[in-house]
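Student: I have a structure open and no idea where to begin. Can we go through it together?

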Amino acid sequence: MSDMINEKQPDTEGQKIPEISKIGYQLLKENRIADAIDCFTKILLLDENNNYALVGMGDATRKQGSIREAVKFYQRCLVHHPGNNYALFGLADCYKAMNQYQKAIEIWEQYLLHDDKNITVLTRIADAYRKVRDFDNSRNIYIRVMEMEETNPYAIIGLGHLHYDFKEYREALYYWEKMLKLKNSDVDIRVLTSIGNCHRKLKTFNEGIPYFEAALEREKFNFYALFGLADCYRGMNDMENSLIYWNRILEQDPRNKMILTRAGDAYRNLNDFDTSQMFYERALNIEFDTYAVMGLALIAKAYGKYEEAITSFKRLIQQDNRNYRLYIELSDCYMKTGARNKAIEILEEFQKLGIKNQRISEMLEFI
């Protein structure tokens with residue numbers, strides 16, 4: 001705040017205000033928010049538009065989580081002290097906290113008029129553009145930061161997230177692996193799980209496993225690492241190992257509906273239908289779940305209860321008529337009951353939706 005301190009104060013309190021302000025900002029650093037607010041309030045009683053105190057009050061109320069109140073203080077400061085960097089910075093961070101990314105971008109760009117090489121602000125703008133899915137502006141600013149500071153971690157990680165968000169998983173891997181090389185021993189656990197997730201998306205499951213395992217060494221109940229490992233083993237059709245990690249998640253979160261259905265799927269694929277059914281029913285006891293109902297229908301089908309399975313698949317199609325797998329399973333049930341025409345009819349019904357699907361086409365040819 002040195003540029004603020006040089007600003008002339010009212011003669012009668014010229015010595016007092018900077019001193020109180022200094023104490024207020026020290027209290028803020030110590031997270032003694034109420035005491036800091038008391039200091040800044042004292043200044044505002046002496047000078048109602050004092051920029052030290054208005055920014056200080058903005059910072060303090062923002063730390064308290066009163067974001068809208070903080071906005072008012074920063075805006076009030078900017079009315080009386082246009083271009084105040086600290087007020088602009090605080091105001092932009094408030095808009096970001098409220099998910100008003102476009103407003104945050106506008107404020108940060110005002111800040112750059114005074115300091116166009118501020119890497120912290122540039123990475124924040126790039127992050128905000130990423131949040132509003134403006135790929136080109138986000139990427140250009142991250143690259144600009146890296147031209148100024150080649151190993152800037154925020155820009156490297158940001159580029160990883162940006163490419164991941166746009167399903168460019170190989171490019172995302174490039175940046176996250178670059179981060180790994182820069183900080184091999186201290187790398188953030190989120191970088192490890194992000195690299196693992198890229199491999200999941202690319203279906204290179206065996207390459208993702210070591211990264212999720214490394215994350216678990218750091219944090220043994222990390223949800224993303226446990227989920228990643230379970231899903232990688234699932235992708236490799238190794239249901240026994242996938243269950244180890246689905247069950248470890250359920251130890252911590254026994255009412256996680258999605259994980260209950262995934263565990264049910266794994267037990268079903270291992271032909272342990274009783275245990276599988278128990279997991280699906282646990283999921284349905286929480287709330288309706290399409291995949292749990294589908295799992296129970298598949299168990300009925302496996303037991304040869306085709307009419308029961310047909311009823312379930314028909315109801316599911318009414319609720320989700322674009323899920324190709326439901327049509328395939330229903331068609332297969334019809335085939336197993338000898339109703340070949342109905343099997344063809346249900347697949348043609350899907351095709352009438354205008355959705356091209358290779359598995360539907362292949363099944364029609366087979367029938």
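## Working through the model

Student: Before anything else, what kind of model is this?
Tutor: This is a predicted model.

Student: Ok. How much space lies in the largest pocket?
Tutor: The largest pocket holds about 780 Å³ of space.

Student: Which residues lie nearest its centre?
Tutor: Arg130, Ile157, Gly158, His161 and Arg190 lie nearest the centre of the largest pocket, out of 29 residues that line it. The elements giving two or more residues to that lining are α8 (119–131), α10 (153–165), α11 (169–182) and α12 (189–202).

Student: Which of those gives the largest share?
Tutor: Helix α8 does, with 7 residues of the lining.

Student: Staying with α10 for a second, what about Asp165? Where is it found?
Tutor: Asp165 is found in helix α10. Its relative accessible area is 29%, so Asp165 is partly exposed.

Student: And how far is Asp165 from Asn84?
Tutor: In sequence they are 81 residues apart, and in space Asp165 and Asn84 are 34 Å apart, C-alpha to C-alpha.

Student: Now pick a pair from another part. How far apart are Lys314 and Leu330?
Tutor: Lys314 and Leu330 are 16 residues apart in sequence and 7.4 Å apart in space, again from C-alpha to C-alpha. Lys314 lies in helix α19, and Lys314 counts as partly exposed because its relative accessibility is 42%.

Student: New topic: salt bridges. How many does the structure hold?
Tutor: It holds 20 salt bridges. As background, side chains of opposite charge can pair when their charged atoms come close.

Student: Give me one. What does Arg234 pair with?
Tutor: Arg234 meets Asp231 in a salt bridge, at 2.8 Å from N to O. Both are in helix α14 (residues 223–235), and because they are 3 residues apart there, about one helical turn separates them.

Student: Are Arg234 and Asp231 buried or exposed, or something in between?
Tutor: Arg234 is partly exposed, since its relative accessible area is 35%. Asp231 counts as buried, because its relative accessibility is 8%.

Student: What about the pair Asp265 and Arg268? How far apart are they, N to O?
Tutor: Their side chains meet in a salt bridge at 3.5 Å, N to O. Asp265 and Arg268 are 3 residues apart in helix α16, so about one helical turn lies between them. Asp265 is buried at a relative accessible area of 17%, and Arg268 counts as buried at 13% relative accessibility.

Student: Those pairs each sit in one helix. What does the salt bridge of Lys301 and Asp332 tie together?
Tutor: In that salt bridge the closest N and O atoms are 2.7 Å apart. Lys301 lies in helix α18 (residues 290–302) and Asp332 in helix α20, so the pair ties together parts that are 31 residues apart in sequence. Lys301 is buried, with a relative accessible area of 14%.

Student: Which residues are linked in a network of salt bridges?
Tutor: Asp59, Arg62, Asp93 and Arg124 are linked that way.

Student: Switching to backbone. What is odd about Asn31?
Tutor: Asn31 has a positive phi of about 65° although it is not a glycine. In general, most residues other than glycine have a negative phi. Asn31 lies in the loop between α2 (16–29) and α3 (33–46), and its relative accessible area of 52% is why Asn31 is exposed.

Student: And Asn99, what is its phi?
Tutor: Asn99 also has a positive phi, of about 65°, without being a glycine. Asn99 lies in the loop between α6 (85–97) and α7 (101–114). It counts as exposed because its relative accessibility is 53%.

Student: Then there is Asn323. Is that one buried or exposed?
Tutor: Asn323 counts as buried, at 12% relative accessibility. It is found in the loop between α19 (306–319) and α20 (324–336).

Student: What does the side chain of Asn323 reach?
Tutor: It reaches the backbone nitrogen of Arg325, at 3.1 Å.

Student: Last one, the surface. Which residues make the nonpolar patch?
Tutor: Phe223, Tyr224 and Met258 make a nonpolar surface patch of about 300 Å². Met258 has its place in helix α16 (residues 257–269), and Met258 counts as partly exposed, at 37% relative accessibility.

Key: Residues are numbered from 1 along each chain as its sequence is written. This is a predicted model: local features need pLDDT of at least 70, side-chain atom pairs count only at pLDDT 80 or more; totals for chains, interfaces and linings use all residues. Side-chain values use heavy atoms; hydrogens and water are left out. Patches are made of residues with over 30% relative accessible area and no salt bridge: like charges are joined within 9 Å, nonpolar side chains (Val, Leu, Ile, Met, Phe, Trp, Tyr) within 5 Å. Accessible areas come from the Shrake-Rupley method with a 1.4 Å probe; for residues, only the protein chains shown count as cover. A salt bridge is a side-chain nitrogen of Lys or Arg within 4 Å of a carboxyl oxygen of Asp or Glu. Helices (H or I, at least four residues) and strands (E, at least two) are DSSP runs, numbered from the N terminus. Buried means under 20% relative accessible area, exposed over 50%, partly exposed in between (1.4 Å probe, protein chains only). A polar contact is a pair of N or O atoms within 3.5 Å; within protein, one must be able to donate a hydrogen and the other to accept it, and residues adjacent in sequence count only if both atoms are side-chain atoms. On a 1 Å grid over the protein atoms alone, a cavity is a set of points where a 1.4 Å probe fits but cannot get out, and a pocket is an open set with protein on both sides within 12 Å along at least five of seven lines; lining residues have an atom within 4 Å of a point. Grid points are joined across faces, edges and corners, and a volume is the space filled by probe spheres set on the points.
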